[in-house]
Amino acid sequence: MTGEAALVLEDGRVFRGQAYGAVGQTLGEAVFCTAMTGYQETLTDPSYHRQIVVAAAPQIGNTGWNDEDDESTKIWVAGYAVRDPARRASNWRATRTLPDELERQRIVGIAGIDTRALVRHLRTRGSMKAGIFSGDALAAADELVDRVNGQPSMLGADLAGEVTTDALYTIEPEGDHRRTVVAVDLGIKTNTPRMFAQRGMRVHVVSSNTTLDQILELKPDGVFLSNGPGDPATADAAVELTRGVLGEGLPLFGICFGNQILGRALGRGTYKMKFGHRGINIPVVEHETGRISITAQNHGFALEGERGERFDTPFGTAEVSHVCANDGTVEGVRLVDGRAFSVQYHPEAAAGPHDAAYLFDRFAGLMEGA
């Protein structure tokens, strides 16, 4: 750690600590993650683009950084705030330390702050604009608050196009090739195509601006909508693409941002949550079976609806299939005929529990029966 740093919120609250990682200035939306493990996967998750992540776990950095657990090609968070950074990495897979990697990728962070107080503040007031400042970027508190408030809001942010792949790439199946999936990259994580490949699926990962005709040229047995950052209300192109896929009758599966896109394609609205769901221990109830899964989540927007609610769409009757056991937030929608479904959480579990991995098998079965 090198010198003083300050985390400043839009409402004027200031948390002072030490610089952690790169020194300078970063702006973003302050959110908190309750996960006790998996910080490398969190930091490299494109869904966290433009967000300053506050680690609720008190000590961070124990397992260092390795070359195997990244969920994308880079760290996507805007900044990182921790309480008690590990003094050294202690894991046989580590090749370097977390602060070294943050500095290498020029991610501005802060350590030594009261993250418990910060998390309680965000839970009470909601996620808000924030900034981390260190080195020459430090200034009087009033000036820092002005810088924080001068940045764009996450509400209305169109970010999927900033994190999507530049060109199509393919993940080959493990073992015999059973089916072909086109995955629309809205901010996809590395483990998701791997989960498909383990089930004998060839996965063509395509950009978020891919057209329906381009997807059909790949002759998919099913289409997947990935996780991703930003306000789903801005993703009109992805919504129209999804409607096209549904119109073709192709099996469709979506997660996280993809859940919101499918919901919008079915006529549902979205809204910005007060502080969102970010962690790996969030209980979700499946309406049809009563099954409860402990899930990994990262979202600040949600679909409108109630548990078990059925509604008409141009593609047939749909229903709210899953809700959060904690607060009733919509966690999944599906067409009642079964050919399209999505969940708000992350069944690829990187990092997180494996309770929801069966959804990949459900999608495989849906394509087998198509």
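Which residues have the most contacts inside the largest nonpolar core? In this predicted model, that core has 32 residues, and those with the most contacts inside it are Val184, Leu186, Leu246, Ile261, Leu266 and Leu335. Two or more residues each come from strand 11 (179-184), strand 13 (222-225), helix 8 (236-248), helix 9 (257-265), strand 18 (316-324) and strand 19 (330-335), and among these elements helix 8 gives the most to the core, with 5 residues. In soluble globular proteins, nonpolar side chains tend to be buried together.

Leu186 shows what one of these core residues meets: leaving aside residues up to four places away in sequence, Leu186 touches Ala160, Val163, Ser208, Ser226, Asn227, Gly228, Pro229, Ala238, Phe257 and Ile261. A second core, separate from the one around Leu186, has 24 residues and includes Val205, Phe341, Val343 and Phe363.

Two members of that second core, Phe341 and Phe363, lead on to the aromatic pairs, of which the model has 9. The rings of Phe253 and Phe360 have centres 5.8 Å apart and planes at 85°, and because planes over 60 degrees apart count as edge-to-face, this pair is edge-to-face. Phe253 belongs to strand 14 (residues 252-255) and Phe360 to helix 10 (residues 358-368), so the pair ties together parts of the chain that are 107 residues apart in sequence; both Phe253 and Phe360 are buried. The rings of Phe341 and Phe363, with centres 6.3 Å apart and planes at 70°, likewise form an edge-to-face pair, and here the link runs between strand 20 (residues 340-343), which holds Phe341, and helix 10, which holds Phe363, across 22 residues. Phe341 counts as buried because its relative accessibility is 7%, under the 20% limit, and Phe363 is buried with a relative accessible area of 0%. Ring pairs join these four residues with Phe196 and Phe224 into a cluster made up of Phe196, Phe224, Phe253, Phe341, Phe360 and Phe363.

Aromatic rings also take part in arrangements with charged side chains. The charged end of Lys74 sits over the ring of Trp76, 4.3 Å from the ring centre, while Arg268 lies over the face of Phe311, at 4.2 Å from the centre of that ring.

Trp76 is also one of the residues that Asp45 touches. Is Asp45, in the loop between helix 1 (39-43) and strand 4 (51-55), buried or exposed? With a relative accessible area of 2%, Asp45 is buried, and its contacts, not counting residues up to four places away in sequence, are with Trp76, Gly187, Lys189, Asn227, Asn298 and His346. The side chain of Asp45 is joined to that of Asn298 by a polar contact of 3.5 Å. Asn227, in contact with Asp45, is touched by Leu186 as well.

Helix 4 (residues 141-149) offers a view of how a single helix is divided between buried and exposed residues. Leu144, Val145 and Val148 are buried there, and because they cover an arc of only 100° around the axis, they lie on the same side of helix 4. Asp142 and Asp146, on the other side of the helix, are exposed. The cover over the buried residues of helix 4 includes strand 1 (4-9), strand 3 (25-33) and strand 9 (128-134).

Notes
Residues numbered from 1 in each chain as written. Predicted model: local features only at pLDDT ≥ 70, side-chain atom pairs only at ≥ 80, totals over all residues. Heavy atoms only, no water. Buried < 20%, exposed > 50% of the residue type's maximum accessible area, 1.4 Å probe, protein only. Helix = DSSP H or I, 4+ residues; strand = E, 2+ residues; numbered from the N terminus. Arc of directions from axis to C-beta. Contact = heavy atoms within 4.5 Å. Polar contact = N/O pair within 3.5 Å; in protein donor to acceptor, adjacent residues only side chain to side chain. Core = buried A, V, L, I, M, F, W, Y, C linked by side-chain atoms within 4.5 Å. Phe/Tyr/Trp six-rings, centres within 6.5 Å; stacked < 30°, edge-to-face > 60°. Lys NZ or Arg CZ within 6 Å of the ring centre and 35° of its normal.
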